[in-house]
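Student: I should like to learn how to read the features of a protein model in an orderly way. Could we go through one together, from the sheet to single residues?

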Amino acid sequence: MSDIKCVAILGGRGMLGSDLTTVLTGQGCTPVVYDLPEFDLCNAQHLEQALSQADAVINCAAYTNVDGAESDQETAYRVNAEAVAQLGQLAAQKQIPVLHISTDFVFDGQGDRPYCEADPTGPLGVYGASKLKGEQRLQASGCQSCIVRVQWTYGPAGNNFIKKILERAASGQSLKVVDDQVGAPTSTLEVSQALAELLLRPEGLPQGLFHFAAAGYVSRFEVAQYLVDKKGLDVQVSPCKSHEFVCPAERPLNSRFNCEKISALLADPIKPWQIPLDEYLESL
């Protein structure tokens, strides 16, 4: 049995943090949620307080505005890199393991195969670059750290691609969705269950980098078409290319993950993306 009982969840009211709280509670842990406005990841005193009673910390807090980061680099780096470095240093002093959430945006998306953890990174924008710097600073801090990169997440809390598509489709608007961005829509409940399993291993939290995404690969256009078909909505879905949408930040086209490394540590196989998505749609 793991001796981890009290888990500090930074960014615990967000999409992933909310599901993590539920899953960890069900595993017999006591998750303690820290989030804005009363908790600021960049505040050293707040970090000190969050770690004071914790047996482990999961950092879901991040600056995630991909386009906003291009014009607010200072905030993106302060939250995604400098605060993470500070977290690592504190955790190292207190000998508390850190489970940190990162992103597919650390890659340039130009590869023609699924990315494994050892592949060279090459972020296209400030968001991805700041998250990559956070990974590096955490690993350099000397704490026991496990970094899990996730992608295309959706869940009951927070905004996400699935919700946006369903809202637009429900209003009767025709949809134009990119067909050159490929990855896997990944349920935050599935992510949470995997994270809890890693954290509560009798052998302790594994160190290093891991990729987690639902099994299988699909384009964003195909996801939108799937949602419209599943919901029986009479809406036209048209494919287009990423360059047709002018955004401050470029998105990686290939977000496919090779998840063999994390799969070897999990009791059950990772589910195909359709299964958790169907369960999510039924819960709405």
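**Reading the sheet, the helices and single residues**

Tutor: Let us begin with one pair of residues: I9 stands opposite V33 in β2. Please keep in mind throughout that this is a predicted model.

Student: Which strand pairs with β2, in what sense, and over how many bridges?

Tutor: The partner is β1, residues 6–10, and the two strands pair in the parallel sense over five bridges.

Student: How many strands form the sheet, and in what order?

Tutor: One reads a sheet from one edge to the other, not along the sequence. Here six strands form an open sheet with parallel pairing, and the order is β2-β1-β3-β4-β5-β10. The edges are held by β2 (30–34) and β10 (208–211); each has a single partner strand, so one side of each is left without a neighbour in the sheet. From one strand to the next, the twist averages 20°.

Student: Which helices lie across these strands?

Tutor: For a helix on a sheet, one asks which strands it covers and at what angle it runs. Helix α1, residues 15–26, lies across β1, β2, β3 (56–59) and β4 (98–103), and runs at about 170° to β1. Helix α5, residues 126–140, lies across β4, β5 (145–150) and β10, at about 155° to β4.

Student: How should I read the packing of one helix against another, and at what angle do α2 and α4 pack?

Tutor: One takes the angle, the distance between the axes, and then the residues that meet. Helix α2 (residues 44–52) and helix α4 (residues 73–94) pack at an angle of about 40°, and their axes are 10 Å apart. An angle of that kind makes α2 oblique to α4. The crossing of α2 and α4 is right-handed.

Student: Which residues of α2 and α4 meet?

Tutor: From α2 come A44, L47, E48 and L51, and they meet A83, Q86, L87, L90, A91 and K94 in α4. Sorted by class, the contact of α2 with α4 has seven nonpolar, one polar and two charged residues.

Student: At what angle do the axes of α8 and α10 cross?

Tutor: Helix α8 (residues 220–231) and helix α10 (residues 274–283) have axes that cross at roughly 45° and come within 12 Å. This makes α8 oblique to α10, and the crossing of the two is right-handed. On the α8 side the contact is made by Y226, L227, K230 and K231, and on the α10 side by Q274, L277, D278 and L281. By class, the contact of α8 with α10 has four nonpolar, one polar and three charged residues.

Student: May we turn to the backbone? Which peptide bond is cis?

Tutor: Most residues other than glycine have a negative phi, and most peptide bonds are trans. In this model, the bond from L36 to P37 is cis, with omega near 5°. P37 is placed in the loop between β2 and α2.

Student: What is the sign of phi at Q95 and at W152?

Tutor: Q95 is not a glycine, although its phi is positive, about 55°. W152, likewise a residue other than glycine, has a positive phi near 45°. Q95 is in the loop between α4 and β4, whereas W152 is found in the loop between β5 and β6 (153–154).

Student: Is Q95 buried or exposed, and is W152 buried or exposed?

Tutor: One compares the relative accessible area with a cut-off: under 20% is buried and over 50% is exposed. Q95 has 74% and is therefore exposed. W152, at 12%, counts as buried.

Student: With which residues is T188 in contact, beyond its neighbours in sequence?

Tutor: T188 is found in helix α7, residues 188–199, and counts as buried at 1% relative accessibility. Leaving aside its neighbours within four places in sequence, T188 is in contact with M15, L16, D19, T153, Y154, G155 and P156.

Student: How far apart are L132 and V106 in sequence and in space?

Tutor: They are 26 residues apart in sequence, and 5.7 Å apart in space from C-alpha to C-alpha. L132 lies in helix α5 and is buried, with a relative accessible area of 11%. When neighbours within four places in sequence are left aside, L132 is in contact with V106, T121 and P123.

Notes
Residues are numbered from 1 along each chain as its sequence is written. This is a predicted model: local features need pLDDT of at least 70, side-chain atom pairs count only at pLDDT 80 or more; totals for chains, interfaces and linings use all residues. Side-chain values use heavy atoms; hydrogens and water are left out. Two strands pair if DSSP finds at least two bridges between them. Helices (H or I, at least four residues) and strands (E, at least two) are DSSP runs, numbered from the N terminus. Axes are lines fitted to C-alpha atoms, for helices over the stretch in contact, and angles run from 0 to 180 degrees between N-to-C directions. Contact means heavy atoms within 4.5 Å. Angles under 35 degrees count as roughly parallel, over 145 as roughly antiparallel, 65 to 115 as roughly perpendicular and the rest as oblique. A crossing is left-handed if the near helix is turned anticlockwise from the far one by less than a right angle, and right-handed if clockwise. Ala, Val, Leu, Ile, Met, Phe, Trp, Tyr, Cys and Pro count as nonpolar, Asp, Glu, Lys and Arg as charged, and the others, Gly among them, as polar. Buried means under 20% relative accessible area, exposed over 50%, partly exposed in between (1.4 Å probe, protein chains only).
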